[in-house]
Amino acid sequence: MVDVTEITLGDRKFGIGKLTIGQLIEVGALQMTRGAGRDVTAEQADDAFMRALGKRMIATVAAAMSKLAPEYTAEKIADLPMTLDELRTAYTAVLVHAGLTTADPKPGEAQGNP
């Protein structure tokens with residue numbers, strides 16, 4: 001595992017240090033969360049899934065940042081002006097840092113676990 005991974009959120013750089021076992025459990029558990037429930041229309045399910053996905057990505061980044069930047073809660077990260085690409089890149093960097101995915105997926109394999 002890499003000692004420090006740098007991510008950028010809202011044009012600000014943050015370091016993610018070695019994750020504690022508690023952080024690894026939290027990051028891993030967040031990857032098990034799934035989107036919308038039953039008895040909803042396809043449009044509602046898509047909307048609910050995308051909202052849940054975004055919240056899960058933000059919560060994952062916040063969990064990884066909790067030791068070095070505890071003031072950046074999921075709510076505070078959600079309020080940072082950033083692009084979706086910045087969030088996606090930070091999220092993937094956290095998963096790679098935690099050992100939950102690889103930086104270079106094999107052919108036909110999706111990168112990250114959004």
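**Briefing: salt bridges, an aromatic pair and the nonpolar core**

Arg 88 has a relative accessibility of 39% and counts as partly exposed. The structure is a predicted model. Arg 88 takes part in a salt bridge with Asp 85, and the model has three salt bridges by the rule used here. One aromatic pair is also counted, and the largest nonpolar core holds 25 residues.

**Helix 4**

- Helix 4 covers residues 84-97, which makes 14 residues.
- From first C-alpha to last, helix 4 reaches 20 Å, close to the 20 Å expected at 1.5 Å a residue.
- The buried residues of helix 4 are Glu 86, Leu 87, Ala 90, Tyr 91, Thr 92, Ala 93, Val 94, Leu 95 and His 97.
- Arg 88, at 39%, is not buried, because buried requires a relative accessible area under 20%.
- Gly 99 follows helix 4 and has a positive phi, near 80°.

**Salt bridges**

- Side chains of opposite charge can pair when their charged atoms come close.
- Asp 85 and Arg 88 form a salt bridge whose closest N and O atoms are 2.8 Å apart. Both residues lie in helix 4, three residues apart, about one turn of the helix.
- In the salt bridge between Asp 3 and Lys 18, the closest N and O atoms are 3.6 Å apart. This pair links distant parts of the chain, 15 residues apart: Asp 3 is in the segment before strand 1 (5-9), and Lys 18 is in the loop between strand 2 (12-16) and helix 1 (21-32).
- Asp 3 is partly exposed, with a relative accessible area of 47%, whereas Lys 18 is exposed at 58%.
- Glu 6 forms a salt bridge with Lys 13, with 4.0 Å between the closest N and O atoms. Glu 6 and Lys 13 are both exposed.

**Aromatic pair and a charge over a ring**

- The one aromatic pair is formed by Phe 14 and Tyr 72, with an edge-to-face arrangement, 4.8 Å centre to centre and 70° between the planes.
- Phe 14 is in strand 2 and Tyr 72 is in the loop between helix 2 and helix 3 (74-78), so the pair ties together parts that are 58 residues apart in sequence.
- Both rings belong to buried residues: Phe 14 has a relative accessibility of 6%, and Tyr 72 has a relative accessible area of 9%.
- Lys 76 lies over the face of Tyr 72, at 4.7 Å from the ring centre.

**Nonpolar core**

- In soluble globular proteins, nonpolar side chains tend to be buried together.
- Ile 7, Leu 9, Phe 14, Ile 16, Val 61, Met 65 and Ile 77 touch the most other members of the largest core.
- Strand 1, strand 2, helix 1, helix 2 and helix 4 each give two or more residues to this core. Helix 2 supplies the largest share, eight residues.
- Neighbours within four places in sequence aside, Ile 16 is in contact with Asp 3, Val 4, Thr 5, Ile 7, Ala 64, Met 65, Leu 68, Val 94 and His 97. Among these contacts, Val 94 and His 97 are buried residues of helix 4, and Asp 3 is the salt-bridge partner of Lys 18.

**Gly 54 in helix 2**

- Gly 54 lies in helix 2, which covers residues 42-65.
- With a relative accessible area of 21%, Gly 54 is partly exposed.
- Gly 54 and Ala 78 are 24 residues apart in sequence, and their C-alpha atoms are 9.2 Å apart.

Terms used:
Residues are numbered from 1 along each chain as its sequence is written. Side-chain values use heavy atoms; hydrogens and water are left out. Helices (H or I, at least four residues) and strands (E, at least two) are DSSP runs, numbered from the N terminus. The expected span of a helix is 1.5 Å times one less than its number of residues. Buried means under 20% relative accessible area, exposed over 50%, partly exposed in between (1.4 Å probe, protein chains only). A salt bridge is a side-chain nitrogen of Lys or Arg within 4 Å of a carboxyl oxygen of Asp or Glu. Rings of Phe, Tyr and Trp (its six-membered ring) pair if their centres lie within 6.5 Å; planes under 30 degrees apart count as stacked, over 60 as edge-to-face and the rest as tilted. A charge sits over a ring if NZ of Lys or CZ of Arg is within 6 Å of the ring centre and within 35 degrees of the ring normal. A nonpolar core is a set of buried Ala, Val, Leu, Ile, Met, Phe, Trp, Tyr and Cys residues joined through side-chain atoms within 4.5 Å. Contact means heavy atoms within 4.5 Å.
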